[in-house]
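Subject: Structure for you to look at

Hello,

Please find the structure we talked about below. My notes follow it.

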Amino acid sequence: MPGSLMLPAPNSYRSIFRHADGSHDWKTELDYGFSLIDRQSCGSLAALIVEPILSSGGMLVLPDGWLKAAKAHCEARGMLLIVDEAQTGIGRAGDMFAFEHCGVVPDILTLSKTLGNGLPLSAVVTSDEIAAVTKNKGYLFYTTHVNDPLPAAVGAKVLDIVVRDGLVKHSKKLGEKLQAGLRKLQARYGCLGDVRGRGLMAGVEVVSDRETKQGAAELGWLVSNKMAELGLWAQLSTLPAFGGVFRFAPPLTTTEQQLEEGFDIMEEALRLTPGTMPLYGDAGAEAASKL
């Protein structure tokens, strides 16, 4: 889009920015990204828009400290920080709003999918100061369905139920079990290169070789199709940049029993699909020696 610039996505699994111990050097990567922005812009930068978890980008979780450092970069340049929580908001990532985990308050917050719970509802949340500036400068935003009472009533009820039923706490607790279960599968199948996420948002990256991290989208499709045959659906990102990433986002009302049933089905799909590189038994010992 003309007038927009991009920062490198903080992909802790694949980034070339590394410390001597091999861990992700996200700060140098972020500083480098802003240096590129500075060289491409005329110095009049409006805002940075970011997701706390890049869902469509392959379930990439912002490293701890990243958002706070990005906010400092924005303030140094007179930019606003806009956090898009269309998918992470309202308990999905284990907090009411995912930015809370990062210890940063954005200038503008956008909400939609999780707020409407299926109905077309979105919200733009900002400070009184920013709202006053836009009003005084005559900024006008208007749509046919602005302040529509039906979806607004649904949104209010969604918030009531999330608080009433303790779904934020439930999401955080169940999210820990989700991560643990997926890591258990990762320890059993060599094709599962990386497990990431927070709360009830998780990503599993499928690879053909853990050492080279070569993506294996076709294998992911085979596993996905087998899972569907067995009664479980999981979205698979197959764009080349993603390398084949399963995106898991079960409902906040999911039970531990349902989660375990999902793990059982995924295990069976991995067992029945050729090329998943089992790491157990005689075949696993041979496969593990090649990883």
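α7 passes α9 in a right-handed crossing. This is a predicted model, so read everything here with that in mind. α7 covers residues 167–186, and its axis lies 11 Å from that of α9. The packing angle is about 15°. Angles under 35 degrees count as roughly parallel, so α7 is roughly parallel to α9.

The α7 side of the contact consists of K173, L174, K177, L178, G181, L182 and L185. They meet E256, L259, F263, M266, E267 and L270 in α9. By class, that contact has 8 nonpolar, 1 polar and 4 charged residues.

α9 (residues 256–272) also packs against α8 (residues 217–230). Here the angle is about 130°, with the axes 9 Å apart. That makes α8 oblique to α9. The crossing of this pair, α8 and α9, is right-handed. From α8, the residues in contact are V223, K226, M227 and L230. Their partners in α9 are I265, M266, E268, A269, L270 and L272. The α8–α9 contact divides into 8 nonpolar, no polar and 2 charged residues.

M266 and L270 of α9 appear in the contact with α7. M266 and L270 also appear in the contact with α8. Those two residues are a good place to begin if you want to view the three helices together.

Next, the loop after α9.

M277 sits in the loop between α9 and α10 (281–289). Its phi is near 60°, a positive value in a residue other than glycine. Most residues other than glycine have a negative phi. Is M277 buried or exposed? M277 has 19% relative accessibility. Buried means under 20%, so M277 counts as buried.

Now to the other helix pair, α1 and α2.

α1 spans 26–40, and α2 spans residues 66–76. They pack at an angle of about 30°, with their axes 11 Å apart. α1 and α2 are therefore roughly parallel to each other. Their crossing is right-handed. W26, L30, D31 and F34 form the α1 side of the contact. W66, A69, A70 and H73 form the α2 side. The residues of this α1–α2 contact divide into 6 nonpolar, 1 polar and 1 charged.

Which residues of α2 are buried? They are W66, L67, A69, A70, K71, H73 and C74. The cover over them includes α1, β1 (47–50), β4 (80–84) and α3 (99–102). After α2 comes G78, which has a positive phi near 70°.

A second non-glycine residue with positive phi is M59.

The phi of M59 is about 60°. M59 lies in the loop between β2 (53–54) and β3 (60–61). It is buried, with a relative accessible area of 2%.

M59 leads to R196, in strand β7 (residues 192–198). The backbone oxygen of M59 lies 3.2 Å from a polar atom of the R196 side chain. The R196 side chain also reaches the backbone oxygen of G58, at 3.0 Å. Why does R196 count as buried? Its relative accessibility is 10%, and the cut-off for buried is under 20%. Leaving out residues up to four places away in sequence, R196 touches Y13, G58, M59, L60, Q179, M201, A202, G203, E205 and V245.

Two of those names come up again around N11.

N11 lies in the segment before α1. A polar atom of its side chain is 3.1 Å from the backbone nitrogen of Y13. Y13 is among the residues that R196 touches. N11 itself touches R18, H24 and L60, again not counting residues up to four places away in sequence. L60 is also in the R196 list. At 15% relative accessibility, N11 counts as buried.

If you open one view, take the site around R196. It holds the side-chain contacts to the backbone oxygens of G58 and M59. The positive phi of M59 can be checked in that view.

Best wishes

Definitions and conventions:
Residues numbered from 1 in each chain as written. Predicted model: local features only at pLDDT ≥ 70, side-chain atom pairs only at ≥ 80, totals over all residues. Heavy atoms only, no water. Helix = DSSP H or I, 4+ residues; strand = E, 2+ residues; numbered from the N terminus. Buried < 20%, exposed > 50% of the residue type's maximum accessible area, 1.4 Å probe, protein only. Polar contact = N/O pair within 3.5 Å; in protein donor to acceptor, adjacent residues only side chain to side chain. Contact = heavy atoms within 4.5 Å. Axes fitted to C-alpha atoms, helices over the stretch in contact; angles between N-to-C directions. Parallel < 35°, antiparallel > 145°, perpendicular 65-115°, else oblique. Left-handed = near helix turned anticlockwise from the far one by under 90°. Nonpolar A, V, L, I, M, F, W, Y, C, P; charged D, E, K, R; others polar.
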